[in-house]
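Trainee: Could you walk me through this model before I start on it?
Mentor: Yes, have it open in front of you and we will take it in pieces.

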Amino acid sequence: YGVLYCTSLLLYYPLFISFLFSFLFSFSVLSSPGEIAIRVFRACTELGIRTVAVYSEEDRGQMHRQKADEAYLIGKSLPPVAAYLHIPDIIKVAKENGVDAIHPGYGFLSERSDFAQACVDAGVRFIGPSPETVRKMGDKVEARSLAISAGVPVVPGTDAPISSVGEARVFSETYGFPIIFKAAYGGGGRGMRVVKEYEELEENYHRAYSEALTAFGNGALFVEKFIEKPRHIEVQILGDKYGNIIHLYERDCSIQRRHQKVVEIAPAADLDPHLRDRLTSDSVKLAKQVGYENAGTVEFLVDKHGKHYFIEVNSRLQVEHTVTEEVTDVDLVHAQLRVCEGRSLPELGLTQETIRVNGCAIQCRVTTEDPARGFQPDTGRLEVFRSGEGMGIRLDSASAFPGAVISPHYDSLLVKVIASGKDMSTAAAKMHRALSEFRVRGVKTNIPFLQNVLSNHQFLHSTVDTQFIDENQNLFIMKPVQNRAQKLLHYLGHVMVNGPTTPIPVKAKPSSIDPVIPTVPMGEPSLGFRDVLLREGPEGFAKAVRAHPGLLLMDTTFRDAHQSLLATRVRTHDLKKIAPYVSHSFNNLFSLENWGGATFDVAMRFLYECPWKRLQELRTLVPNVPFQMLLRGANAVGYTNYPDNAVFKFCEVAKENGMDIFRVFDSLNYLPNMILGMEAAGRAGGVVEAAISYTGDVSDPMRQKYSLAYYVKLTEELMKAGTHVLCIKDMAGLLKPESSRILISALRDRYPDVPIHVHTHDTAGAGVAAMLACAEAGADVVDVAVDSMAGMTSQPSMGAMVACTKGTKLDTGIALEKVFDYSEYWEVTRGLYAPFDCTATMKSGNADVYENEIPGGQYTNLHFQAHSMGLGNKFKQVKKSYSEANKLLGDLIKVTPSSKIVGDLAQFMVQNNLTREEVEEKADELSFPLSVVEFLQGHIGIPHGGFPEPFRTRVLKSLPRIEGRPGATLPPLDFDALEAGLRLLHGDDITEEDVMSAAMYPKVFQEYKEFTGSFGPVDCLSTRLFLDGPKIAEEFQVEIERGKTLHIKALAVGDLNKTGQRGVFFELNGQLRSVLVKDNVAMKEMKFHPKALKSVRGQVGAPMPGKVIEVKVEPGQKVEKGQPLCVLSAMKMETVVNSPLTGVVTVIHVNTDTSLEGDDLILEITAEE
């Protein structure tokens, strides 16, 4: 005989009888499509029965279709749920295909007596109780009456379904609160609402009615007194056509959320034997009262006193029937089919005396729900599905396979996992192990929550009630699923489809050649200056440096060199490779500059890695050489002001993570800002190195603003403030040999005991000569970069300084051969960063730096920015405008962030074709870059000589001004509140370092966390893969942690689908994986942003390419000429777009995060009449 399954329908050929016998099965809303269908199919196949499935249009790809021998579409053009409730279509399929019996499964029509009757009327057998029994048991009010007649205790409730909220009020006044609404014609927790007080009554009535109507097609409700904290125990029964009824003992279904079962156990733990007898006896008694046939479940609540109350009969197979099968060894579906065939229970060997319970079984319902969000269902495509298996594990599923689409139309059940063992603890251990083997990617699941339940002491060693989940909120403290491999595939797929995620200044490919790491000796590296620092403290360290006989070097290769040459894009991945060699070969370095400055935010902003992790990992690899960082005084590592406690906390955390020397500077040499940074570094226990930013030319008597006297006086103030080391920070490479001798000699004469450190850039090509002059004049330390990362806008060559001082009193003690090997590594590594290499657009340094005074790193950045903004052929003009912008602003000391302010103004002038005179003339109406406006307000301090007037007044107009140190008036940062907010957003794995990152760069940190949340630990990838992605058919390895290596092969990129996505296919550890990636180009082609027409007054266009970070107006709002309309950001430069006229905003064409090209229409203003 055969079975037809609705959503999964089954047909059988004759087995024991001579006529064709077929069954139709209706899939359950309590199940993913076809889970119970496939369960029935398997039983039919074991009995030699042919099977048929029905399916909705939504379920054409579902597995139950493939498991059946035949499958037919029902409910054409109907929504999925409506299709499975369409009785005429189901009966039509049964009749047209010779189906003789229908199995109702659970859910949908399984407890609808009209469906059972329709089957009978059509001459099709219904596998279950008679239509009359289904009607009686499905009507919970009538079922209560039958239970009372049979002498089974019931919970106080209404005698009939209620028809209004008024009847519910009357019941509550009689029995008091709490009460519970229940759907009269369905179960599974649908249409069920607990009401604890009068004010909640009406709302919950309407919600329960609506749920019941949607789930069962009938919104009728009845009301019961709610039993608080009961155990939910149900008894499995089985009857035949001859009046034989047995029970198969009980199941404990107390672990529920929103009245839906999560974990089921058979038998119930610690159940009193006498209570068990009463429960099973009452179940059989009630079944006999109605002449029950086939499988069913009688459900009870057991209160804390051991009293049991009948609540309902489910006249069908239950989702949790599996645990009963495991402990009794009775196949309930086999029994259903045989009983429908006409066999008696004794014929099947099923008598009460033969039913025995052996061991324990637990079922966990793995669902696509997020417990952290109130079990909110998740939908989407299963990118990965790998189940847990092994001895004692059974899996029942249908839609759980890679590529399956989890629909929003049905219940969220993905797979049922059943674990069996000799006792509860054994079964729980097997279940926990099996769940830990699952890998489900693409949708959220409740697996971490289930693992917490299985580890809970009360669950394992005591009894639980229906309030177990509500009373154990620690169950919701779940270890986040890492999902690292699939996230990395998403990233690689994204790069293969859309190109690099970090902005690429020029069209150049990373080199395909990987660098060779020089041989590193075995064992620990030799002692270095860090050992002196740890032993003797900052003061002893400074004395040791001053007493050192030769010239000491600071290597900038790990920071400023690549900031200057490679746009700060060098990744920790490549720094870690060479770090052990540096530790062993250059132990006598003064320090290794490897952190702070622009590297801090760029690590998160463009490299998507944690700057603190870089510091931690390098510290482990280089234990003997001091680390030095760049601290922007009161600005820490940012471009803005921070509360004082934030700067102090930052230095404290940096020191704890391995930083040694804090090179403290201020972009304006503004003493109050510098002293704050020095105090913060000193209090943290670090070496304080006060850095004077150098500009001008002390050897030129015609340039007196920044004269020798200025620098000597500033040094005096810094010495009073307690610096350990004095630094001259020549950020543009303006020190010539003569000016070097003059400045350093003057400082050495006045302060013979303080170590002097000189930092420079080699933009003009005179860096080595200038540093040798500094050393001859008494400097203790000069900055260098390894040869292949030196020159141009970087630092002077390490090899050159080593060679030029070799055999002299300034001998560095460094072996030149070691420098060669070090340089070779970086020469090849530099090729990996070809898209960022300054030589792509700049072929040499230029002595015109003595005129324009552009800092080394900024010189490179301006060059890149000019090219990216289409101004590459105007770079000479950019440099000239830089000089003019500097004069407009009063001849500033130029180092981040003041150099950025000058650069922003210069590019603004070039972009808008403005001269210095025109800027001064139109100062009161131009939309200046935000950085310029904030500088003039006093946001970064007071420049030497004061602000430029009347330019400042004309730009600011009525805008507020800051007097004194900008951060002095800021309230202290509440770190506890910040951490709490971060934990709320990102989970409990937030560290102290994360809090500091968020304090410095809140938006950048948020975007970094969002990126890594989507794409995983991209810092594990090689640089070529990170930037350019793999080639088709390329095989490679990625070590995600020690001992865990992914073997990946890129297979193919698919065609564009209708949603603008492409499938990208990989082989991961020998298994096929795929990801769907949005094609950004295709998506952009689907929609075009309008351009502002210059001929139309009131159309406001973007003054430059960028992203909208804030819209300051709304449609209908009146605006004045010059009023800020929105803020754009591009390449870390923010520009306020001001209104060109007075009028009313009519249309806004952008939102926050809208990316714009130049002249893209922002909004439209109607001019005031």
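What follows is a short conversation about the chain, its helices and its sheets.

Trainee: What should I keep in mind about the source?
Mentor: This is a predicted model, in which local features need pLDDT of at least 70 and side-chain atom pairs count only at pLDDT 80 or more, while totals for chains, interfaces and linings use all residues. Residues are numbered from 1 along each chain as its sequence is written, and side-chain values use heavy atoms, with hydrogens and water left out.

Trainee: How many helices and strands are in the chain?
Mentor: The chain has 41 helices and 44 strands, where helices (H or I, at least four residues) and strands (E, at least two) are DSSP runs numbered from the N terminus. Its C-alpha trace spans about 120 × 80 × 55 Å along the principal axes. Of the 1169 residues, 60% are buried, with buried taken as under 20% relative accessible area, exposed as over 50% and partly exposed as in between, using a 1.4 Å probe and protein chains only.

Trainee: Which residues of α4 are buried?
Mentor: In helix α4 (residues 87-96) they are Ile87, Ile90, Ile91, Val93 and Ala94. They cover an arc of only 155° around the axis, which puts them on the same side of α4; the arc is that of the directions from the helix axis to the C-beta atoms.

Trainee: And what does the face turned away carry?
Mentor: That face of α4 carries the exposed residues Pro88, Lys95 and Glu96. Just after α4, glycine 98 takes a positive phi of about 65°.

Trainee: Switching to sheets, what is the strand order in the open one with 8 strands?
Mentor: The order is β15-β14-β11-β12-β13-β16-β23-β21, with antiparallel pairing; two strands pair if DSSP finds at least two bridges between them. β15 (308-314) and β21 (393-397) stand at the edges with a single partner strand each, so one side of each is left without a neighbour in the sheet.

Trainee: How many bridges join β13 and β16?
Mentor: Strand β13 (residues 260-266) and strand β16 (residues 360-367) pair over 4 bridges in the antiparallel sense, and valine 263 stands opposite cysteine 364 in β16.

Trainee: Where does α11 lie?
Mentor: Helix α11 (residues 321-328) lies across β11 (231-239), β12 (245-257), β13, β16, β21 and β23 (413-421), and runs at about 155° to β16. Axes here are lines fitted to C-alpha atoms, for helices over the stretch in contact, and angles run from 0 to 180 degrees between N-to-C directions. Helix α12 (residues 332-341) also packs on the sheet, where α12 touches β11, β12 and β14 (294-302).

Trainee: What about α20 and α29, how do their axes cross?
Mentor: The axes of helix α20 (residues 572-585) and helix α29 (residues 816-832) come within 11 Å and cross at roughly 175°. That makes α20 roughly antiparallel to α29, a label used for angles over 145 degrees. Among the residues that meet are Leu575, Ile578 and Tyr581 in α20 and Tyr822, Tyr825 and Trp826 in α29.

Trainee: Last one: are the faces of β28 covered or open?
Mentor: Both faces of strand β28 (residues 661-664) are covered, with Ile661 and Arg663 on one side and Phe662 and Val664 on the other, all buried. Strand β27 (residues 627-631) pairs with β28 in the parallel sense over 4 bridges, and leucine 631 stands opposite valine 664 in β28.

Key. Parallel < 35°, antiparallel > 145°, perpendicular 65-115°, else oblique. Contact = heavy atoms within 4.5 Å.
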